[in-house]
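Visitor: Could you take me in for a close look at one part of this protein? I'd like to start with a single helix and then see how the rest is put together around the chain.

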Amino acid sequence: MSSGGAATTTPGAPSERGDRPNVLFLSVDDLNDWVGFLGGNAGAVTPNMDALRQRSLSFSNAYCAAPICLASRTSTLFGAMPSDSGVFDHSEESRAVARTMVKELPSLPMEFRSQGYVAAGAGKVFHGSAADHWDRSLPVEQYAPAFARSREEFQPPSYDPDWASPYDGEPIGDGVGRGFGLGSQIDFGPSGAAVEPDSVTADWTIEQLKAGFAAPFFLAYGSYIPHLPWRVPQRFFDLHPLDSVQVPEVRSDDLEDLPDAALEMIDKQRILVTLQDNDILRHAVQGYLAAISYADFEIGRVLDALASSPYADTTVIALWSDHGFHLGEKLHIRKFALWERATRVPLLLHVPGRFASPQTFDPPVSLIDLGPTLADACGFELRPEHRGRSLLPLVESPDSADGRPAVMTWLDGNHAVRRGDWRYIRYADGSTELYDRATDPDEFANLSGDDAFGDVIAELDAFLPAGP
Ligand SMILES: [Ca+2]
Ligand SMILES: [Ca+2]
């Protein structure tokens, strides 16, 4: 890389483009806080992510903008909150807006390209195709064989006969069949696949590092796992013997203090009592933990390849997940809710030479700030329309924190805010929830009906988009 580009660089940035750090962007799908370094489930086995955490800054209270793939990823990659863009869910309306954004707006990798970076990506980074946003990418078609093999060669697990029956679509209890009454959407067990999709992605990513880059790079690895189905090689199930699996605490009366708007979000999943009777929940938790361990394994392969590459000491590493996941909490399964377990995500940032590590930043932050933070670490700013802001000044001078909280949205008009120890939720119909996470980390006790918290609620409510 030639020198002489000082006139176009940001003040304080490396004076030559060739000095700019690279970025390894690790996106994980549907990974909640069940990783070793966040402690969401004591049984999590994630040695590679934990090792990355040891040389990273960990945002211990990081939140998605929305608890669903498309809305979260659109927000993170394009810098617009759901209430700004109108991308709330997977409805046709949201998809249409997102398609327009992909077509017309510069995404995070495109903004890096405009700074002279090579952008390369594979796997689930965007939700849907955005082929034009990469200089190099692995065509989606190349995953198809791996997915096909996963499904066709899937072997039912060798559980007891009563348990195996859900895979045949036969009910095994009142309202419980394959997929917890959710059709084929909940599905897990040892994979009989010859090739796992994420293995294809990891191989391609490793090949890019081996082939090398002629310019600074933004290299994205998008893990499909632990999104359902949780079909991963048997050895990852073996890491989580059933008798050691820890199921989240579920209180049968937990829903009694929730407004109707909250209950409507979880209505279809209120079969959990039956699931618990059948101990199916324990199997599901095992499947999710196994899937997380497999995701960690492939991420570890990519990190090892970076470590043994010429870019080991000059690459910023970001690891994030698009949202969380419930497995019984609030008698709820999957994401699609505004509580902690559906919205808290791992967020790690390794910036060579910039931070003492490991380091932890505890105030709540939003994933919308990830892009500006990465740009800052590389010496430039994203376009001014981006609604995020770099977190680096806050980390380096915590006293400068302006108190901006993390806001999250599920469907049109339902919002939550995390600030300090509080979680406050306001639904579209005006009903509310308030939790004090210092004394109630599982969010069992809704305090919003208590007049003693009126001032707290008023303060938190001011951070949310205006009501309908
Ligand atoms: Ca997702
Ligand atoms: Ca409750």
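Guide: Here is a walk that starts at one helix and then moves on to the core, a loop and the sheets. This is a predicted model, where local features need pLDDT of at least 70, side-chain atom pairs count only at pLDDT 80 or more, and totals for chains, interfaces and linings use all residues. Residues are numbered from 1 along each chain as its sequence is written, while chains are lettered from A and ligands numbered from 1 in the order in which they are written.

Let's pick helix H2, residues 69–78. Helices here are DSSP runs of H or I with at least four residues, strands are runs of E with at least two, and both are numbered from the N terminus. H2 is mostly covered, with 10 of its 10 residues buried. "Buried" means that 20 or more other C-beta atoms lie within 10 Å of a residue's own; 12 or fewer makes it exposed, anything in between is partly exposed, and the C-beta atoms are placed from the backbone. Among the buried residues of H2 are Cys 69, Arg 73 and Leu 77. What lies over them? The cover includes helix H3 (82–85), H4, helix H5 (108–113) and helix H14 (370–377).

Take H4 (residues 92–104) from that group: H2 and H4 pack with their axes 11 Å apart, at an angle of about 25°. Axes are lines fitted to C-alpha atoms, for helices over the stretch in contact, and angles run from 0 to 180 degrees between N-to-C directions. The angle makes H2 roughly parallel to H4; under 35 degrees counts as roughly parallel, over 145 as roughly antiparallel, 65 to 115 as roughly perpendicular and the rest as oblique. At this meeting, Leu 70, Ala 71, Thr 74 and Phe 78 of H2 touch Ser 94, Arg 95, Ala 98 and Met 101 of H4. Touching, or being in contact, means that two C-beta atoms, placed from the backbone, lie within 7 Å. Just past the end of H2, Gly 79 has a positive phi of about 75°.

Now step back to the whole chain. The protein chain has 468 residues, and 51% of them count as buried. It holds 16 helices and 19 strands. Among contacts between residues at least 6 apart in sequence, 71% join residues at least 24 apart.

Next comes the core. In soluble globular proteins, nonpolar side chains tend to be buried together. A nonpolar core here is a set of buried Ala, Val, Leu, Ile, Met, Phe, Trp, Tyr and Cys residues joined through C-beta atoms within 7 Å. The largest one has 132 residues, and Val 23 and Ala 318 touch the most other members. Helix H12 (residues 280–307) gives the most to this core, 16 residues. Leaving out residues up to four places away in sequence, Ala 318 touches Val 23, Phe 25, Leu 26, Leu 348, Leu 349, Leu 370 and Leu 374.

H12 also has a helix alongside: the axes of helix H8 (residues 197–211) and H12 come within 9 Å and cross at roughly 10°. That makes H8 roughly parallel to H12.

Now a loop: His 240 lies between helix H9 (234–238) and helix H10 (260–266). His 240 counts as buried because 21 C-beta neighbours sit inside 10 Å. Its contacts, not counting residues up to four places away in sequence, are Gly 43, Val 245, Gln 286, Leu 289 and Ala 290.

On to strand S13 (residues 347–350), where Leu 347 and Leu 349 point one way, Leu 348 and His 350 point the other way, and all are buried. Strand S9 (residues 315–321) runs antiparallel to S13 and is joined to it by 4 bridges; Trp 320 has Leu 347 as its bridge partner in S13.

We finish at an open sheet of 4 strands in the order S16-S17-S18-S19, with antiparallel pairing; two strands pair if DSSP finds at least two bridges between them. Its edge strands, S16 (406–409) and S19 (432–436), each pair on one side only. The twist averages 15° from one strand to the next. Helix H16 (residues 454–461) lies across S17 (415–419), S18 and S19, running at about 70° to S18.
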